[in-house]
Amino acid sequence: MNWTLLWAQLFNGLTLGALLVLVAMGLTIIFGALGVINFAHGAFYMVGAYAGYVAYNATHSFVIAVAAGAVALLLVGVAIERGLIRYYYRRPHEDQILVTFGLGIILVEGVRAWFGGISQRLPVPKWGEGATNLGFLYYPTYRIEVLGIVAATLVVLYVVLYRTRLGLIVRAGIEDQLMVNILGINVTRTFLVVFGLGSMAAGFAGVINAPIVTVVPDMGSLVLVQSFVVIVIGGVGSFWGALVGGLIAGEIISLTAMVQPAYSEVMLFAAMAIVLILRPQGLFGVQGRQ
Amino acid sequence: MIVAKLSTRGPFGRWLPEAVAVVALLLFPSAFALIGGTADMADRILIWGIFGFGFDILFGFTGLLSFGQAAFFGSGGFMTAYLLIAGYTQNAGIALILGTLFASLLGAIIGALSLRRSGIYFAMLTLAFGEMFYFLDISPLKQFTGGENGLSGVPATHIGIGNWFVELHTPEGMYWVIAILFLLGFWLARRIVNSSFGAVLLSIRENGERARTLGHDIQKYKLAAFVIAAAYAGVGGSLFGLFQGYMPPDAFYLDTSGQLVVQTIMGGAGTLIGPTVGALIWIYLRTALQQLPIVGPVWKMVLGIIFVLIVTLFRRGICGGIALLWERMVGKQAAQPPAAQVVAATPVESAPRKRAPLDGKVILEAKDITKRYGGLTAVDRVSFEVVEGEIRALIGPNGAGKTTFFNMLAGTIPPTSGEMFFRGERITNASSTAICQRGLVKSFQINQLFPGLTVWDNVRIAAIARVYGKFHPSMLRDAADSEEINTLIAQSLAAVHLSERAHAPARELAYGEKRRLEIGLALATRPSALLLDEPTAGMSPSERQDTIRLLKSIAAGVTIVIVEHDMDVVFGLADRITVLFNGRKIADGTPDAIKANAEVRAAYLGNPVQQ
């Protein structure tokens, strides 16, 4: 047994999982509050990475790149919610899926037309270069920092969701959307804010992850699929579901890669199938919600 | 091609869509060449069209939006290509059949898993499972699929006997093979859609829960639709590999599933021919746009924009829009039941009803049934017996537990404890489908209809459940051909006085008519007992009187249990009345006895029992 490799893979799983948590969290919050599953979420993640790339090339500051990615997606999210999604709240789920899917195509192809299909790189920031000695393992500093950044972001999200009025409305909406509407809460503004925040999380994750992966127009589609799996495993609309599901997904991918690389992605879907058979509503899902 | 949607059921019109398709397929290559299309493009369009028939049955007719169809397109294609390359068979036809069977088998497995959830989850799950197949293809199964290189060198095969054969590797020759399969696929898809099986699929799209409570096993129907879609995908994928001589891993891409969805929406879902029209647009525009200077690099974005616009503003797609125009111009004459039948059907006898003997055979029995929600006991050890042929009313003040009790009888919520029997058989915890199939049928308080279907077709869904049972995969026989079903529909409509409205879509009915249709749906399952939840809720006084008369005439052959707030209705109808209060049964007896019962008065008026 190669312990160093095992530790390294455990950490890789953790970093991958943390990013999946961030992306899935945006998806699940938007769904929980608005009842819309955003098939363009992967494209949002990709646009975030490109926004960060552009900002970095202009300023050579990674922090500004991250901020640019997040703010750009906040704006994109708000514009799309106002311009398109809000007309879809009363339409069937299938239509919502279709329109967000179409939106994803437009964003991906737009970026491809603008930047070309070749892969771009966003360098690791200065404060993240090299490796850190953890005692049992030398591990890339930036990846350790990513864990910290994601953890901090999740704490902020948790506080917003569980300690603010907005969060109360969002969580109430996850339980019973109709009731929230009946109570006369200004859902229009809440929806806008939630969609903006969910999109921002995707954009943020896109920039944070950009130095680890390559930046290409198609980078979002795998992340979208994986975050769907996370949501199915964890249970839709659940904060803890997204968190635990994301970490499980990350570990499954990277630990399988150590044993049998060919099956690393396939195992993730196998895990999803097992959850579906044993607990169709997901680990943290509530039975009866569809 | 428009005619495909407007399936005329008359003897002459029945083959019209196929005839039009034959002519269109014969003319297509030359007509397409006039606008610069090539045989290669024509072949691709038809392959996507075949792929699309199955998807349209799944999405357009059953309402299941799958983003994983690439899995079956790819699997079928790779299996066929592999069989030929590895030399297991030289016959492309056999390889294609095996490839299709393989895709169908995978469809059954993935379908069974994905259909454990519905709505958005189904879309997410199919997308995820679709990606799984991509990863399986490029990595673990590399030795069979060629990984990222795909399988090249699918041998040139020919189909035919002796000197009569077609080379499969020229797009021109291949066109006719594909066209014949396209025609077969179209014919089969139309059979499926027009069969009773297809009618149930439509009802699932319109209101799956209602189809379930009418006695259809909708899970089986959905799975069957999924397997059909996978089989069509398998044929499409196999042809794709055969015609290119090469099976690329792109077949498994999410883009393949996505392109199918986009084409189907653009062309028009629920029209069968829509996906082909969508494929024509996609493939032709791609070629045309790519030649333009500025638009060239962004052709896919342009298609994406068109797609979003169509979804937002023009959801029926091109064929759906044309069909709508056609309907408006020609008038709605499609799918009309033979008029003679409506007249010929004998309305249920309206002779004055004799009260059933109250000591007759017990048909429905509840023993000590209880429902607890946490600390709250909604229904507390209620027992009651309903005798065959009687009208039993269930009354009680608000919150008495009537609806909970009622739903337990219908099998929509399970009791916490206690037993229920119907015609001597135990029905505790049986599914609502099974209970309905035994002849105990519930009619809903809030109208649960199939809004997009006509009145006639609404009742047809119930009649199919009655005549064919909970699952009947007969896909080739036209649903309108069954005399038994047609008679049952006509009788049920006559019983609820809706014969005149047979061709109106359910959503266009007036409120009172919808209530009557709701009862008509239940009647068409030929129930031996009918559970009616507030049948007169929201009606005007005169509508109420009509309904009382209607129910009396129906009750000649059926036992009725009715929950009702309106005391005039209750005392005008019921043979016996059961009173619930605070979850308990406080009285049980004839209307006169109930009127005289002090405890009942106390429950309603709230004054203590002392007069």
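Select B:L440 first: across from it, in β11(B), stands B:A529. Strands here are DSSP runs of E with at least two residues, helices are DSSP runs of H or I with at least four residues, and both are numbered from the N terminus. This is a predicted model, in which local features need pLDDT of at least 70, side-chain atom pairs count only at pLDDT 80 or more, and totals for chains, interfaces and linings use all residues. Residues are numbered from 1 along each chain as its sequence is written, while chains are lettered from A and ligands numbered from 1 in the order in which they are written.

**Stop 1: two strands side by side**

Stay where you are and show residues 440–443 of chain B, which make up strand β10. B:L440 and B:K442 point one way, B:V441 and B:S443 point the other way, and all are buried. Buried means that 20 or more other C-beta atoms lie within 10 Å of the residue's own; exposed means 12 or fewer, partly exposed is in between, and the C-beta atoms are placed from the backbone. Now add residues 529–533 of chain B: this is β11(B), and β10(B) pairs with it in the parallel sense over 4 bridges. To count as a pair, two strands need at least two bridges found by DSSP.

**Stop 2: an open sheet**

Which strands of chain B form the open sheet, and in what order? There are 4 of them, β6-β5-β8-β9, with antiparallel pairing. The edges are β6 (376–387) and β9 (425–426) of chain B, each pairing on one side only. Zoom in on residues 417–422 of chain B, strand β8, which is joined to β9(B) by 2 antiparallel bridges. There, B:F422 sits opposite B:E425 of β9(B).

**Stop 3: chain B as a whole**

Zoom out to see 23 helices and 14 strands in chain B. Its C-alpha trace spans about 100 × 55 × 50 Å along the principal axes. Of the 611 residues in chain B, 52% are buried.

Try colouring residues 2–330 of chain B as domain 1 and 362–605 as domain 2; these bounds come from an automatic or database domain assignment. Their C-alpha centres are 43 Å apart. Where the two meet, 25 residues of domain 1 of chain B are in contact with 31 residues of domain 2 of chain B. Contact means that the C-beta atoms of two residues, placed from the backbone, lie within 7 Å. On the domain 1 side, the elements giving two or more residues are α7 (171–194), α8 (196–213) and α9 (218–244) of chain B. α8(B) gives the most, with 13 residues.

**Stop 4: where chain B touches chain A**

Show both chains: 35 residues of chain B are in contact with 31 residues of chain A. On the chain B side, select α5 (120–138), α10 (254–267) and α12 (299–313), the elements that give two or more residues. Which of them gives the largest share? That is α5(B), with 12 residues. By class, this side of chain B has 24 nonpolar, 6 polar and 5 charged residues. Nonpolar covers Ala, Val, Leu, Ile, Met, Phe, Trp, Tyr, Cys and Pro, charged covers Asp, Glu, Lys and Arg, and the others, Gly among them, are polar.

**Stop 5: over to chain A**

Colour chain A by pLDDT, the predictor's confidence in each residue from 0 to 100. The chain's mean is 89, with 97% of its residues at 70 or more. Among its elements, helix α2 (residues 41–59) has the highest mean, 96, and helix α7 (residues 177–182) the lowest, 72. Where pLDDT is low, the predicted coordinates should not be read in detail.

Next, select residues 141–163 of chain A, helix α5. Its end C-alpha atoms are 32 Å apart, which agrees with the 33 Å that its 23 residues should span at 1.5 Å a residue; the expected span is 1.5 Å times one less than the number of residues. Its buried residues are A:Y142, A:R143, A:V146, A:V150, A:L157 and A:L161.

**Stop 6: two last residues**

Is A:V36 buried or exposed? A:V36 is buried, because 25 other C-beta atoms lie within 10 Å. Look for it in the loop between α1 (3–34) and α2 of chain A. Leaving aside neighbours within four places in sequence, A:V36 contacts A:I30, A:F31, A:I85, A:Y88 and A:Q96.

Finish at A:M258, in helix α10 (residues 239–259) of chain A. A:M258 counts as partly exposed, with 16 C-beta neighbours inside 10 Å. Not counting residues up to four places away in sequence, A:M258 touches A:L5 and A:Q9. A:M258 and A:Q9 are 249 residues apart along the chain, yet their C-alpha atoms are separated by 7.0 Å.
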